[in-house]
Amino acid sequence: MLDEKDVLEAVRRRIEERGEASKLGLPDTAEITWHSLLEGEIVRSIETRTQEERKHYGPIDLSDRPEYDTLDRYHVAVPKDLTTTQTITLVRRGSVTERSCDCSNGKTACPRCQGRGDLPCDPLTACAACRGTDSCLRCEGTGNRIRNNPDGQQPLDDRATCRQCGALDAACPACRGRTTCSTCDGQGVRDCPDCHRTGTVPHQRCKGTGRTVTWIEGTIRHKPLVEKIKHPKAGVPYLAWEGARESGHWDRAHLTHQDTLPMDLTHGFRKLVQPHLTPCKGEIARQATFKYLQLARAEAPNHPHRVYYVFPTASSPRVLVLPSQRRTWQIAGATLCVVLVLLLLLWLMS
């Protein structure tokens, strides 16, 4: 692990490598701030246990399902893969009840036709041409002349002789006083559309199966809960994070719910990791994979426009040189001024 002396030496070496020693000078001291970088993932297996009464219409084979007496006491092994969802369905011992429906065969008399299979139908229907309002101006389709020549009533179209009462030029030329129902073909009855002339329909209570099966079903579900870890979330520039990810020498650890933190883990990292290892409600297993690295932020008094970020690698410490916040604002201000000048020139030339 780096100390302040290692950090200062790395900064001085970096300046020399860039050929800036004569221009900037090598710092004798530096203000060093330490950042503990921590990244990782925790996968927890969360268990829920529920039971409910189930009902099935028709026969069902439940013999392959495990039985339980008390759901809370039923033992289930911890999943080997905590990242997948696992569901176990059980049946409470002695809760299965199979009943035959009082309909016996799953059928019941059709309520619409009362079991007859057909429905009464008017053998005569309204004519599409006269819409049943003036089939015959004399008998109105009854066959009995109930009118003479009604005052003020004029035929809609050319009239024909009525087949019912024989009146001349009185009947609709399309139906001549009557038209046969196309549904029943004038028979006076039609097929029941609900039972299709069978007289029976599926019994709703058993859904047409003739039997029902009820039981108490227990469900044990293991579902993964994934937590991403990153510390700190602010305070370290993106380029410093990426540089450390790319070439930093990270210490790594993989822990299960049965493991303790590594003995060589520093107090600072222990404080960061420990809160994430607190069990959640329903947690039965856990696996944590994380890596950690100590990053140094160095500011040299004689280099006010620079910040040096130093972290260990597999060989020697690496130094990233980034502009200070003050320098960043200066660059941004200069860029803004240039943009404004260009806009002014464009306005003057237009």
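**Exercise 1. Why is the sulfur of Cys 139 not in a bond with the closest cysteine sulfur, in Cys 136?**

Before starting, note that this is a predicted model: local features need pLDDT of at least 70, side-chain atom pairs count only at pLDDT 80 or more, and totals for chains, interfaces and linings use all residues. Residues are numbered from 1 along each chain as its sequence is written, and side-chain values use heavy atoms, with hydrogens and water left out.

Step 1: get the cut-off. A disulfide is a pair of cysteine sulfur atoms within 2.5 Å.

Step 2: check the distance. The gap from the sulfur of Cys 139 to that of Cys 136 is 3.5 Å, so it's too far for a bond.

Step 3: try Cys 165. The nearest cysteine sulfur to Cys 165 belongs to Cys 139, 3.7 Å away, and Cys 165 is in no disulfide.

Step 4: tally up. The structure holds zero disulfides.

Step 5: look at accessibility. Buried means under 20% relative accessible area, exposed means over 50%, and partly exposed is in between (1.4 Å probe, protein chains only). Cys 139 comes out at 0%, so it's buried; Cys 165, at 14%, counts as buried too.

**Exercise 2. Work out the surroundings of His 222.**

Step 1: place it. His 222 lies in strand β9, residues 211-231 (strands, E, at least two residues, and helices, H or I, at least four, are DSSP runs numbered from the N terminus).

Step 2: buried or exposed? His 222 has a relative accessible area of 0%, so it is buried.

Step 3: find its polar partner. The side chains of His 222 and Glu 47 are joined by a polar contact of 2.7 Å. That term covers a pair of N or O atoms within 3.5 Å; within protein, one must be able to donate a hydrogen and the other to accept it, and residues adjacent in sequence count only if both atoms are side-chain atoms.

Step 4: list other contacts (heavy atoms within 4.5 Å). Leaving aside neighbours within four places in sequence, His 222 touches residues including Ser 45, Val 76, Thr 84 and Ile 284.

**Exercise 3. Describe the setting of Ala 174.**

Step 1: locate it. Ala 174 sits in the loop between β6 (118-120) and β7 (189-191).

Step 2: check exposure. At 54% relative accessible area, Ala 174 is exposed.

Step 3: find its contacts. Beyond neighbours within four places in sequence, Ala 174 is in contact with Cys 127 and Ala 129.
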